Each structure stands twice: as C-alpha cells, then as structure tokens.
Amino acid sequence: MNQSKTQDRQLSMLALTIPIFLEQMLKILVSSIDTVMLSGYSEEGVASVGMMSQYLFFMNILFNVVCTGTSIVLTQYLGAKKSKVELTSIAQASTLLITIFSAVLTAAVFAGTNALLGCYTLEPLVRQHAHDYFIIFGGIGGIFTGFSLMQGAILRSYGHTKEILIVSIFANIINVLGNAISLCGWFGMPVFGVPGVAFASVASQMFSCVALAIIINRKEDVCFAFSGIFNVPKNIYRSIFKIGIPTAGENISYNVAQIVIMAMITTLGTAAMSAQVYTQTIVRFVFVFASAIGNATQIKTGHMVGAKQLDAVYRQLYKYQIIGTGLSLALILLVNLIKPVLIGIFTQNTEVVALVSTLLIYSVYIEFGRSLNLISIAGLKGAGDVKFPVLYGLFSMWGIMVLGSYVLGLKLGLGLVGFWIAIGSDETSRGIVMLFRWKSKKWQNKALV
C-alpha cells in the first residue's frame, strides 16, 4: 500500500470544498423533495416523519462522536506522516466504536419506540406511521447510517471528497426513486406509504455503506485492515473521544437551544412560525457555502498542524475566512435583491411575506457572523483546540442567543426581529471570539501529535 501518496500530496482547498458544498446542497434539495412527496401522500405521513426525524438527528450526533474525533485525529496523523500501522489503528478504533454504538442504538430503538411514542398525544394513524418509520430507518437502518458516516469521515480525511459526492448522488437517487415507488405506485407496484419511504432510506444508506467500503478497499493510500482490530492502543480511543464528545455535546446543546427558541416563537402566532420556517429554509442555501469552506478548513488545518506547518496554517485561515465571509455576504445580499420572487415560492400571505422580507434584511447580520463562526471554529477544532470553542459556545448559545431571544423578542416586544438580532449576536460574538483565539496562537499547543 503506497501510504506516501496522501502524505506527500498537497490537498487543494478548492478540490476539498467544491465536493463538500455540492454534497451538502444535494442533501438540502433531496430533503425538500422528500417533504414535498410526503405532503402529496398524507399530512399524517409528514407529521410522523417530521416528528421522528429529530430523534434520527440525535442518533447521527452520537455517531458523530466517533466520526468527528476520527476525522481530526486522522488528519493530524496524516500530516505528521505517521506509520501505516498507526493510521490503520485509527480506522480500526472507529470501526469498533461505530459497531458498538450502532448495536446499542438499534437495540434502544426496538425496545423503546413504543414507550417514546407513549409520551406524545397522537392520532392513531400518526402513531403507527411514526412507529413504522423509526423502527425501519432508525432500527434496521441505523447500522448502515453509522458506517456510512464513519467511512465518509475517513475518506474526507484523506482528501477523497469527490468520491463521497458521487456516492451521495447515487444514494439520493435511490432514495427519491424509492419514495416515488412507495408513494405513487410506480411500475405497477402497490403504494407502501411511510414504511416504503423508510425502506427507501435504508436502501440508500445500505448502498452508500457498501459503495464507500469498496472505495476504501480500492484506495491504495487509505490505511485499513481487520487484522489486529482488537489490539488498538487505548490512547487512540482517548484521542477520538477527547475531540468527539465535546463536539457532540455542543451540537446537542445548539439544537436544544433551537427547540427552545421555536417554542418561544410559537407564542407569537402562526404567521410568525411560518415566517421563521420560510426564512430559515431560504438562508440554508446561503450558509451552506461557509459550512463547506469550514469543513474543508478543518481537514486542511489538521493536515498542516500534524505536519507542524503552524505559521503557514495561521496565515491561511485568514485567507479562507475572507473568502468565506465575502461569499456569504454576497449571496445574502443577492437573496435580498430577489426576495420577492423567493418568498413568492412559499407564500402569498401578506403578513408572512412582510415578516420574511424583514427577517432577510437581518439575515445579513446573521450570515456575516455565521461565516466567521463556522470557519474560525473549524480551524481551531482541526488544530485539536476543542475545549475552549465548546465551552464558549455553550455560554453564547444560552447566554446570548436564548436569553437574548427571550428579552428582545418577548419582553421588549420586538417579536421575530428581536429573535434574529439575538441569533445574529450569538453567531457574530462567537466568530469574533474564535478569531481572537486563533490570533492568540494558543491552539498551537493543542495538537494531538
């Protein structure tokens, strides 16, 4: 196996970023298509899948304890030109951990779904749909989802983002076709409904899992072997958890904070809720650029920190930041220029249109801050500096975003505008603090190798 290929190869930021961006954009588009297709089948189907999707999301966060830790540790080891044995040990540890996580989560889904649904007051049809969807996709499909995420993390660490994009395209085609067959009865097939949608998702993850495994096996520079998988040094596991657990905790906290904010927004009425959802849907297509650059920055930083190219990576992060922030601002300004057309796709309700139009103006503030946050924090994490960003993030999410939303949005009566000012202040303050953290160079002492 020619390990030197990856270690000697310079990873291009453009080659890393474009496939990651296209992959993320594809996921957004397919998610939107899934919702439209389900809405044409039944409102109960939309409600049940939407309700259980939040639990599937939390399952993915738990899988990402392993995947994020694996990615950062592996990129630094690659940059440091560690031996084939050491690189293989990281992949082996990741495989064992994902196997354990998948087994535990699958057992929990089968054993606990009925009890979980018992916590809700649901119509019988919604309850049945939710049960079937979660058992099939969360239970049966959980192991395929976990291994797909893990294998994707390994391949990204080696710079093989294009291959992941290609697999993602075919996996999503399988998902959409499966949904069409299940909901529309194509090719003379019976209408399977929500269970069919769940099996389509399982089939797409199964394809992804097998395809990525084949790619890993064929890539000469990717170090993996089953031999010695139970003899991985304990320090590898410690390094993975040192990165993965705080990051997962931060993600959970952020999503719980979003749930709390949405609960507060519900007190403002249906128009406010609709405006919030529509505006978030529109801006998702803006911050996907900064998110992709952030992911690529994390990979690039890990390699360069591992290679001890500290001065070079210190300067380059500022370049990535300028490009990412410039793109984000240009796109959100463009969105504001054409917003009458964009908003018209979702609603003609004059009250909702006015709210979304106003929120898109304030989105300029949010997307500026979000671009700072997504890219600078990715650089810090790629360097192994995880504890500080996570701890400050927890403070900012709840002390600025949630508390600020309550004070500005509800107590001072600013409504949705108050919420968006608070969200923007959280993103911007975190971004600025992370840039100062980067400038301090304290991250240079946090390398894992």
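Student: Why is Glu163 called buried?

Tutor: Glu163 has a relative accessible area of 16%. Buried means under 20%, exposed means over 50%, and partly exposed covers the range in between, with a 1.4 Å probe and protein chains only as cover. The value for Glu163 falls under the first cut-off, so the residue counts as buried. This is a predicted model, in which local features need pLDDT of at least 70 and side-chain atom pairs count only at pLDDT 80 or more, while totals for chains, interfaces and linings use all residues. Residues are numbered from 1 along each chain as its sequence is written, and side-chain values use heavy atoms, with hydrogens and water left out.

Student: What makes the contact between Lys219 and Glu163 a salt bridge?

Tutor: A salt bridge requires a side-chain nitrogen of Lys or Arg within 4 Å of a carboxyl oxygen of Asp or Glu. The N to O distance between Lys219 and Glu163 is 2.8 Å, so the pair meets the rule. Lys219 belongs to the loop between α8 (193-218) and α9 (234-265), and Glu163 to helix α7, so the bridge ties together parts 56 residues apart in sequence. Helices here are DSSP runs (H or I, at least four residues), numbered from the N terminus.

Student: Why does Lys219 count as partly exposed?

Tutor: Its relative accessibility is 23%. That value lies between the two limits, and Lys219 is therefore partly exposed.

Student: How do you know that Glu250 forms a salt bridge with Arg430?

Tutor: Their closest N and O atoms are 4.0 Å apart, and the pair is accepted under the salt-bridge rule. This pair links distant parts of the chain, with Glu250 in helix α9 and Arg430 in helix α15 (residues 416-440), 180 residues apart. Glu250, at 5% relative accessibility, is buried, and Arg430, at 4%, is buried too.

Student: Which residues are linked with Arg430 in a network of salt bridges?

Tutor: The network consists of Glu250, Lys381, Asp426 and Arg430. Within it, Asp426 and Arg430 have their closest N and O atoms 3.1 Å apart. Being four residues apart in helix α15, these two are separated by about one helical turn. The count of salt bridges by this rule comes to nine.

Student: Why is the span of helix α13 said to agree with what it should be?

Tutor: The expected span is 1.5 Å times one less than the number of residues. For the 33 residues of α13 (residues 350-382) this gives 48 Å, and the end C-alpha atoms are 46 Å apart, which agrees. Helix α13 also has a kink of about 35°, centred on Tyr362; the bend is the angle between axes fitted to the seven residues ending there and the seven starting there.

Student: Why does Ile322 count as exposed?

Tutor: Ile322, found in helix α11 (residues 310-337), has 63% relative accessibility. This is over the upper limit, so Ile322 is exposed.

Student: Why does Ile173 count as partly exposed?

Tutor: Ile173, in helix α7, has 41% relative accessibility, which lies in the intermediate range, so it is partly exposed.

Student: Why is Lys308 called exposed?

Tutor: Lys308 lies in the loop between α10 (270-306) and α11. Its relative accessibility is 52%, and the residue is therefore exposed. Its phi is near 65°, a positive value in a residue other than glycine.
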